[in-house]
Amino acid sequence: MERKKVTIDSEKYPEEIASFLKGTDVYDSSCSEEARVYYIERKPGYFLKESETGTLKAEYLMHDYFHKIGLTSPVVLYRSKTEKDYLITELVPGEDCTHKIYLDEPERLCDTIAAALRGLHDMPIDGCPISNRTDSYVRSVLNGYAGGKYESELFEGLWEFKSDQEAWGYVREGMSMLETDTLIHGDYCLPNIMLDDWKLSGFIDLVNGGVCDRHIDILWGIWTLKYNLGTGKYTERFIDAYGRECVDTHKLRCIAAMEMFGG
């Protein structure tokens, strides 16, 4: 995770947020336009995420839940103000899976993240605050289709379609196949998986988490290996390490089509 040292005017923040920013170094580690993320170098280490009002509530709920089941760091503070949402979480130990130490051992990395995902998916779903992530997922796909969104090259070399209409045919079929029976991360990519000397220390960026279909995470697990390692040769190894008996490859293709429209 890249961090660039920045100067923050703490006086522009609510006092409870400003108290974390005063008298310490702050680094920008943002990776999207939708939210700003700052690393606060105050022991044991904290991350401050700020975004538009109302946009961080789901992430707060899921991060807090994942902490309760031992899969991430504690939430220190969540506030929804008129101007912005603020979320402060404690640092998860270790490095994310894009670190060179992990990328240099691709087979071990593949097996490690597959086993971590299976462990997540085997967790009970009772008490999850987002008990039906499927509904919002489907809405996102339908809204993307209505708005003309279609990322034809998103899964190049993995799942491809001759046209948007062919892909939409798979979407229509796949909608009825989606199950709401598994605790998922929702964005299961290498930057969101934290390892400490090859042992899982936690997950981050849980805004899309909740109870949904396991194949969404499996798809992104396959994609992230191809994207970050530059080859699709680990696809079958990942499926085997996860548990092939739990994977429907046709459903994966249907979900790939959904994601192209905005899942």
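Visitor: What is the relative accessible area of Cys 110?
Guide: The model is a predicted one. A residue counts as buried under 20% relative accessible area, and Cys 110 belongs to that class. The computed relative accessible area of Cys 110 is 0%.

Visitor: Which residue holds the cysteine sulfur closest to that of Cys 110?
Guide: A disulfide requires two cysteine sulfur atoms within 2.5 Å. The sulfur of Cys 110 has its closest cysteine sulfur at 11 Å, so the pair is too far apart for a bond. The residue that holds this closest sulfur is Cys 97.

Visitor: Is Cys 97 buried or exposed, and which cysteine has the sulfur closest to its own?
Guide: With a relative accessible area of 0%, Cys 97 is buried. Its sulfur lies 11 Å from the closest cysteine sulfur, which is too far for a bond. That closest sulfur belongs to Cys 189.

Visitor: How many disulfides does the structure hold?
Guide: A disulfide is a covalent bond between the sulfur atoms of two cysteines. For Cys 97 the closest cysteine sulfur is too far for a bond, and the same verdict applies to Cys 110. The number of disulfides in the structure is zero.

Visitor: How many of the residues of strand β4 are buried?
Guide: Strand β4 covers residues 46-51. Tyr 46, Leu 48 and Glu 50 point one way, Phe 47, Lys 49 and Ser 51 point the other way, and all are buried. Strand β4 is therefore largely enclosed by the rest of the structure, the count of buried residues being six of the six.

Visitor: Which residue in the turn between β3 and β4 has a positive phi?
Guide: Strand β3 (residues 36-40) pairs with β4 in the antiparallel sense over five bridges, with Tyr 38 opposite Leu 48. The two strands form a hairpin with five residues between them. The phi of about 105° in this turn belongs to Gly 45.

Visitor: Which residue of β6 is the bridge partner of Leu 48?
Guide: Strand β6 (residues 85-90) pairs with β4 in the antiparallel sense, and six bridges join them. The partner of Leu 48 in β6 is Ile 88.

Visitor: What is the strand order of the open sheet of three strands?
Guide: Pairing in this sheet is antiparallel. Its edge strands, each paired on one side only, are β7 (95-96) and β10 (199-203). Two bridges join β7 to β9 (residues 193-196), and Asp 96 has Met 194 in β9 as its bridge partner. The order is β7-β9-β10.

Terms used:
Residues numbered from 1 in each chain as written. Predicted model: local features only at pLDDT ≥ 70, side-chain atom pairs only at ≥ 80, totals over all residues. Heavy atoms only, no water. Buried < 20%, exposed > 50% of the residue type's maximum accessible area, 1.4 Å probe, protein only. Pairing = 2+ DSSP bridges. Helix = DSSP H or I, 4+ residues; strand = E, 2+ residues; numbered from the N terminus.
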